[in-house]
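Subject: Structure for you to look through

Hello,

Here is the structure I said I would pass on, with the sequence beside it. Please open it first, and then read my notes below with the model in view.

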Amino acid sequence: MNILLIGGTGVLSRAVVEESVKQGLGVTIVTRGQRKVDIPYSVKHIIGDFKNESFIKKSLKGLHYDAVIDFLSRDKEEMAYSIELLHDFVGQFIFISTACVYNTLIPGVKNEESEKVLDSWNYSKEKWECECILAELSKKYSIPYTVIRPCIS
């Protein structure tokens, strides 16, 4: 199995890279190359601006990944760009969202039926909008997707 990570040098993404390598997956990361971190030897590292569409298309030409994991998209425009750019290169889209999409003013354990979005927090609204555009565009391109909502405390 081959995976593509958009990001790969942050706290969560580095942990995913390391575990993916341990599991024997083929791993490619796209980063700007600005963080000084150890990247496992077996990881293919594409250094460049993910927002440079022609660079990314050239870098990925002829390649296909079983899944892409997007750690980067922060708002609906970035999410739409990521899906539009990558849909031909991947079999599944995984978006790392945040537990902050839940309305935390409502007490209790959160699940898919829980109320979303804390209106007073742009980050909550923006990540929820990412999830919504992902659901919409995944239908357009017939790409299965998964949303992961980690919580770091």
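The side chains of Glu126 and Arg74 come together in a salt bridge, with 3.0 Å from N to O. This pair ties together distant parts of the chain, since Glu126 sits in helix H4 while Arg74 lies in the loop between strand S4 (67–70) and helix H3 (76–86), 52 residues apart. Both partners count as partly exposed, Glu126 because its relative accessibility is 23% and Arg74 because its relative accessible area is 39%. Please keep in mind, as you read on, that this is a predicted model.

How many salt bridges does the structure hold? There are six, and a second one that links distant parts of the chain joins Lys140 in helix H4 to Glu84 in helix H3, 56 residues apart. In that pair the closest N and O atoms are 3.7 Å apart. Lys140 counts as exposed, at 54% relative accessibility, whereas Glu84, at 33%, counts as partly exposed. The bridge between Glu53 and Lys57 is 3.1 Å from N to O, and here the two residues are four residues apart in helix H2 (residues 53–60), which means that about one helical turn separates them. It helps to remember that an α-helix has 3.6 residues a turn, so residues three or four places apart point the same way. Glu53 is partly exposed at 38% relative accessibility, and Lys57 is partly exposed at 40%. Finally, Glu112, Glu131 and Arg149 are linked in a network of salt bridges.

Glu131 leads on to Ser97, which is found in the loop between S5 and H4. Is Ser97 buried or exposed? Ser97 is buried, because its relative accessible area is 4%, which falls under the 20% cut-off for that word. The side chains of Ser97 and Glu131 are joined by a polar contact of 2.6 Å. If residues up to four places away in sequence are left aside, Ser97 touches Lys127, Glu131, Val147, Ile148, Arg149 and Pro150, so that two members of the salt-bridge network, Glu131 and Arg149, are among its contacts.

Helix H3, which you have already met through Glu84, has as its buried residues Met79, Ala80, Ser82, Ile83, Leu85 and Leu86. These buried residues pack against strand S1 (2–6), H2, S4, strand S5 (93–96) and H4. At the start of H3, a side-chain oxygen of Asp75 reaches to within 3.1 Å of the backbone nitrogen of Glu77.

Another buried residue to find is Thr28, in strand S2, which counts as buried because its relative accessibility is 6%. Which residues does Thr28 touch, not counting residues up to four places away in sequence? They are Ile3, Leu4, Leu5, Lys44, Ile46 and Tyr65. With Tyr65 there is a polar contact of 3.3 Å between the side chains, while the C-alpha atoms of Thr28 and Lys44 are separated by 4.5 Å although the two residues are 16 residues apart along the chain.

There are also spaces to look at in the model. The largest pocket holds about 780 Å³ of space, and 33 residues line this pocket, with Gly7, Gly10, Arg35, Phe71 and Leu72 lying nearest its centre. Helix H1 (11–22), strand S2 (26–31) and helix H4 (122–141) are the elements that give two or more residues to this lining, and H1 supplies the largest share, three residues. By type, the lining of the largest pocket divides into 14 nonpolar, 13 polar and six charged residues.

A search of the whole structure for cavities of 30 Å³ or more finds one, and the largest cavity contains about 30 Å³ of space. Its lining is made by Gly8, Arg14, Val17, Glu18, Asp38, Ile39 and Pro40, which divide into three nonpolar, one polar and three charged residues.

Best wishes

Definitions and conventions. Residues are numbered from 1 along each chain as its sequence is written. This is a predicted model: local features need pLDDT of at least 70, side-chain atom pairs count only at pLDDT 80 or more; totals for chains, interfaces and linings use all residues. Side-chain values use heavy atoms; hydrogens and water are left out. On a 1 Å grid over the protein atoms alone, a cavity is a set of points where a 1.4 Å probe fits but cannot get out, and a pocket is an open set with protein on both sides within 12 Å along at least five of seven lines; lining residues have an atom within 4 Å of a point. Grid points are joined across faces, edges and corners, and a volume is the space filled by probe spheres set on the points. Ala, Val, Leu, Ile, Met, Phe, Trp, Tyr, Cys and Pro count as nonpolar, Asp, Glu, Lys and Arg as charged, and the others, Gly among them, as polar. A salt bridge is a side-chain nitrogen of Lys or Arg within 4 Å of a carboxyl oxygen of Asp or Glu. Buried means under 20% relative accessible area, exposed over 50%, partly exposed in between (1.4 Å probe, protein chains only). Contact means heavy atoms within 4.5 Å. A polar contact is a pair of N or O atoms within 3.5 Å; within protein, one must be able to donate a hydrogen and the other to accept it, and residues adjacent in sequence count only if both atoms are side-chain atoms.
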